Every structure is written in structure tokens, then in C-alpha cells.
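Subject: The structure you were waiting for

Hi there,

Here is the structure, together with my notes on it. Please have it open while you read.

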Amino acid sequence: GATSFIEPGVGCGTGLHETTQLCLAALATWRLGGGPLGRVLDFGSGSGILGIAAAVWGAGHVEAIGVDGRVHGAIRANAARNGVAGRVHVAAALPSALEPCDLVLANIVAPVLLEAAEAVCRLVAPRGGVVLSGLRADAVPAVAERYAALLGTSPAISGRGDWRCLAFREPAGADVRSR
């Protein structure tokens with residue numbers, strides 16, 4: 001396959017951090033399980049690696065949200081370097097009128113995940129998935145409980161070192177019942 005090159009710029013996220021690896025693994029599981037990738041939200045995108053990986057793997061439209069405007073140029077450059085600039089859109093905040101997303105990736109600190117829970121969950125399509133990381137083990141119960149209540153499902157939890165990743169919803173192929 002094609003090799004991806006990510007220059008972190010001033011954002012964190014070279015792809016080497018455990019939380020990034022956990023999110024990439026969850027993204028791969030979603031994709032391999034037949035989960036839809038029409039629209040993907042990369043919330044707290046850092047260097048843009050997760051959103052760019054989703055686009056490289058076929059996502060039709062990626063919203064990369066990074067509150068630090070200084071990283072936007074790096075995200076755009078990384079998207080261009082990987083041939084997906086036309087499908088990766090960068091913004092500083094969650095758009096109020098974003099179409100529902102098939103997959104939401106959020107690798108960001110627990111307080112932000114808790115604060116943004118309702119806004120994030122409103123953006124998830126009916127059969128969409130949510131992948132949360134940036135979590136130390138002690139933050140998992142509060143974040144898992146908050147998102148489980150909003151999404152109506154419990155997460156699969158994976159970990160590397162001190163870090164945890166919560167993946168809500170199996171790919172649609174795993175559940176063919178209509179809602």
C-alpha cells in the first residue's frame with residue numbers, strides 16, 4: 001500500500017503516540033468490518049493523522065477539527081502530501097450544521113470529551129461509530145458512562161500502556177437488523 005507521511009508541524013501527533021495507534025487500530029477494525037466511511041469527523045485532530053488516514057482508506061469527506069489554528073496549515077499540507085486534500089476539510093470548531101457522520105474519531109483529553117459529549121453524539125449517524133482516546137485508565141469510567149448514555153451502547157475498550165481507547169458500535173455488517 002501507499003506510505004503516508006505526516007509532518008506534525010506545531011501540533012502533536014506524529015502517529016507514534018499510543019493513543020494515535022489505538023485510534024488507527026479502531027479505524028482499521030471499523031473499515032475491515034464494513035463500517036461506512038462516507039463522512040468522518042476527526043475531532044481534536046492535532047496533525048490530522050486520523051482524518052488523513054480515514055481519507056486514505058476511502059472516507060469521502062473528513063472534517064478535521066483543531067482548535068489551534070496554527071496547525072491547520074500542517075493538516076492541509078499532510079492531506080496534500082497523501083493525495084487527499086480535496087476530501088479533508090479543516091476547521092477550528094465543530095460546525096453547528098454538520099451532516100451526520102459515519103465515524104467520529106476523537107483523540108483528545110478527557111475534560112474536552114466530557115464537555116463536548118452531547119455535541120459529538122448529535123453528529124453521529126444512526127449506524128455510526130465513535131472512537132474516543134486520549135484517555136488514561138482512571139478517566140475511562142466517567143467518559144464511558146457519559147457516551148454510553150447518549151449513544152445507547154457500551155464501548156469496546158482497548159489499551160496500550162497507560163492509555164485507553166473506547167470504540168462504540170460495531171460496524172454495520174455485524175448487525176443487519178434495521179433500527
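To start with a small puzzle: which residue stands opposite W163 in β7? That partner is R160.

Before the rest, a word on how to read the notes. This is a predicted model, where local features need pLDDT of at least 70, side-chain atom pairs count only at pLDDT 80 or more, and totals for chains, interfaces and linings use all residues. Residues are numbered from 1 along each chain as its sequence is written, and side-chain values use heavy atoms, with hydrogens and water left out.

**Strands**

Helices (H or I, at least four residues) and strands (E, at least two) are DSSP runs, numbered from the N terminus. Two strands pair if DSSP finds at least two bridges between them. β6 and β7 are an antiparallel pair with 6 bridges. Together they make a hairpin with 2 residues between the strands, and in that turn G161 has a positive phi of about 60°. β7 also runs antiparallel to β5, to which 5 bridges join it. There, L132 sits opposite L166 of β7.

**Helix α1**

Helix α1 covers residues 18-32. Its 15 residues should span 21 Å at 1.5 Å a residue, and the end C-alpha atoms are indeed 21 Å apart; the expected span is 1.5 Å times one less than the number of residues.

For burial, the cut-offs on relative accessible area are under 20% for buried and over 50% for exposed, with partly exposed in between (1.4 Å probe, protein chains only). The buried residues of α1 are T19, T20, L22, C23, A26, L27 and W30. They cover an arc of only 160° around the axis, which puts them on the same side of α1; the arc is taken from the directions from the helix axis to the C-beta atoms. T29 and L32, on the other side of α1, are exposed.

What lies over the buried residues of α1? The cover includes α2 (49-56), β4 (101-107), β5 (124-136), β6 (155-160) and β7 (163-168), where contact means heavy atoms within 4.5 Å. After α1 comes G34, with a positive phi near 85°.

**Helix α6**

Further along the chain, α6 has 12 residues and reaches 16 Å from first C-alpha to last, close to the 16 Å expected. V140, V143, A144, Y147 and L151 are its buried residues. They cover an arc of only 95° around the axis, which puts them on the same side of α6. The face turned away from that buried side carries P141, E145 and A149, which are exposed. Among the elements covering the buried residues of α6 are α4 (110-115), α5, β5, β6 and β7. Just after α6, G152 has a positive phi of about 70°.

**Salt bridges**

Side chains of opposite charge can pair when their charged atoms come close. I counted a salt bridge when a side-chain nitrogen of Lys or Arg is within 4 Å of a carboxyl oxygen of Asp or Glu. How many does the whole structure hold? The search finds 4, including the three below.

- R39 pairs with E99, with the closest N and O atoms 3.9 Å apart. R39 lies in strand β1 (residues 39-43) and E99 in the loop between β3 (88-91) and β4, so the pair ties together parts that are 60 residues apart in sequence. R39 is buried, at 17% relative accessible area, while E99 is partly exposed at 48%.
- R70 and D68 meet at 2.8 Å, N to O. R70 is exposed at 65% relative accessibility, and D68 is partly exposed at 27%.
- E118 and R146 meet at 3.5 Å, N to O. This pair links distant parts of the chain, with E118 in helix α5 (residues 117-122) and R146 in helix α6 (residues 140-151), 28 residues apart. E118 is partly exposed at 43%, as is R146 at 30%.

**Cysteines**

The structure holds 0 disulfides, a disulfide being a pair of cysteine sulfur atoms within 2.5 Å. For C165, the nearest cysteine sulfur is that of C23, 4.6 Å away. C165 is buried at 1% relative accessibility, and C121 is buried at 12%.

Happy to talk it through whenever suits you.

Best wishes
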